[in-house]
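This report describes the fold, the exposure and the aromatic contacts of one protein chain. The sequence and the structure are shown first.

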Amino acid sequence: MNFANLPIIFLRFWFFESPLALLQFFLSLNGSFFQLFSLPLLLRTFFKPLKNEYRQGLVGFSIGMGIVVKSVLIVADLAMLFLLLVFEVSVFVAYFLFPFATFFLLFL
């Protein structure tokens with residue numbers, strides 16, 4: 001192993017290979033979030049009756065109640081998704097800037 005190539009190997013790892021792996025992890029995490037909190041399902045079934053109640057006289061109430069309950073769940077899911085995305089972006093930026101921060105800390 002040629003030790004002169006170590007800085008280039010490190011730079012390639014830190015700024016190319018590792019951010020791609022981190023992005024793939026975050027995409028998998030977001031997919032798991034959508035699967036766990038069923039945000040796409042709530043959006044697809046927004047105007048359907050709650051618990052598939054189709055008895056006469058209860059359809060309107062069931063649709064209205066479903067819209068209310070699903071609205072609350074969608075707002076909660078979007079808030080949690082926003083927090084997750086803020087966390088992911090901050091981790092990605094911190095990971096990307098970590099070598100520069102350590103360099104600047106050495107020379108302060």
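Read along its sequence, the protein chain of this predicted model follows the pattern α-α-α. The radius of gyration is 23 Å, well over the 13 Å given by the globule rule for 108 residues, so the chain is more spread out than a compact globule. The count behind the pattern is three helices and zero strands. Along its principal axes, the C-alpha trace spans about 80 × 35 × 15 Å.

**Burial, contacts and charge**

Buried residues make up 19% of the 108 residues in the chain. The exposed area of the protein chain is about 8,400 Å², and carbon and sulfur atoms supply 78% of this area. Among contacts with a separation of 6 or more, 73% join residues that are 24 or more positions apart. The chain carries 6 positive and 4 negative charges, and the mean positions of the two sets are 12 Å apart.

**Ser18 in helix 1**

Helix 1 covers residues 6–37 and includes Ser18. Is Ser18 buried or exposed? Its relative accessibility is 12%, and because the cut-off for burial is under 20%, Ser18 counts as buried. When neighbours within four places in sequence are left aside, Ser18 is in contact with Phe13 and Tyr95. Both of these contact partners, Phe13 and Tyr95, belong to one aromatic cluster, which is formed by Phe10, Phe13, Trp14, Tyr95 and Phe98.

**Aromatic pairs**

The structure holds 13 aromatic pairs. One of them joins Phe33 and Phe37, whose ring centres are 4.7 Å apart and whose planes meet at 45°, so the pair is tilted. Phe33 and Phe37 both lie in helix 1, where they are four residues apart, about one turn of the helix. A further pair is made by Phe46 and Phe47: the ring centres are 4.9 Å apart and the planes stand at 85°, so this pair is edge-to-face.

The relative accessibility of the four residues in these two pairs is set out below.

| Residue | Relative accessibility | Class |
|---|---|---|
| Phe33 | 9% | buried |
| Phe37 | 30% | partly exposed |
| Phe46 | 18% | buried |
| Phe47 | 62% | exposed |

In the tilted pair, Phe33 is thus buried, whereas Phe37 is partly exposed. In the edge-to-face pair, Phe46 is buried, whereas Phe47 is exposed.

How values were computed: Residues are numbered from 1 along each chain as its sequence is written. This is a predicted model: local features need pLDDT of at least 70, side-chain atom pairs count only at pLDDT 80 or more; totals for chains, interfaces and linings use all residues. Side-chain values use heavy atoms; hydrogens and water are left out. Helices (H or I, at least four residues) and strands (E, at least two) are DSSP runs, numbered from the N terminus. The radius of gyration is taken over C-alpha atoms; the globule rule is 2.2 Å times the number of residues to the power 0.38. Buried means under 20% relative accessible area, exposed over 50%, partly exposed in between (1.4 Å probe, protein chains only). Contact means heavy atoms within 4.5 Å. Accessible areas come from the Shrake-Rupley method with a 1.4 Å probe; for residues, only the protein chains shown count as cover. Lys and Arg count as positive and Asp and Glu as negative; His and the chain ends are not counted. The place of a charge is taken as NZ of Lys, CZ of Arg, CG of Asp or CD of Glu. Rings of Phe, Tyr and Trp (its six-membered ring) pair if their centres lie within 6.5 Å; planes under 30 degrees apart count as stacked, over 60 as edge-to-face and the rest as tilted.
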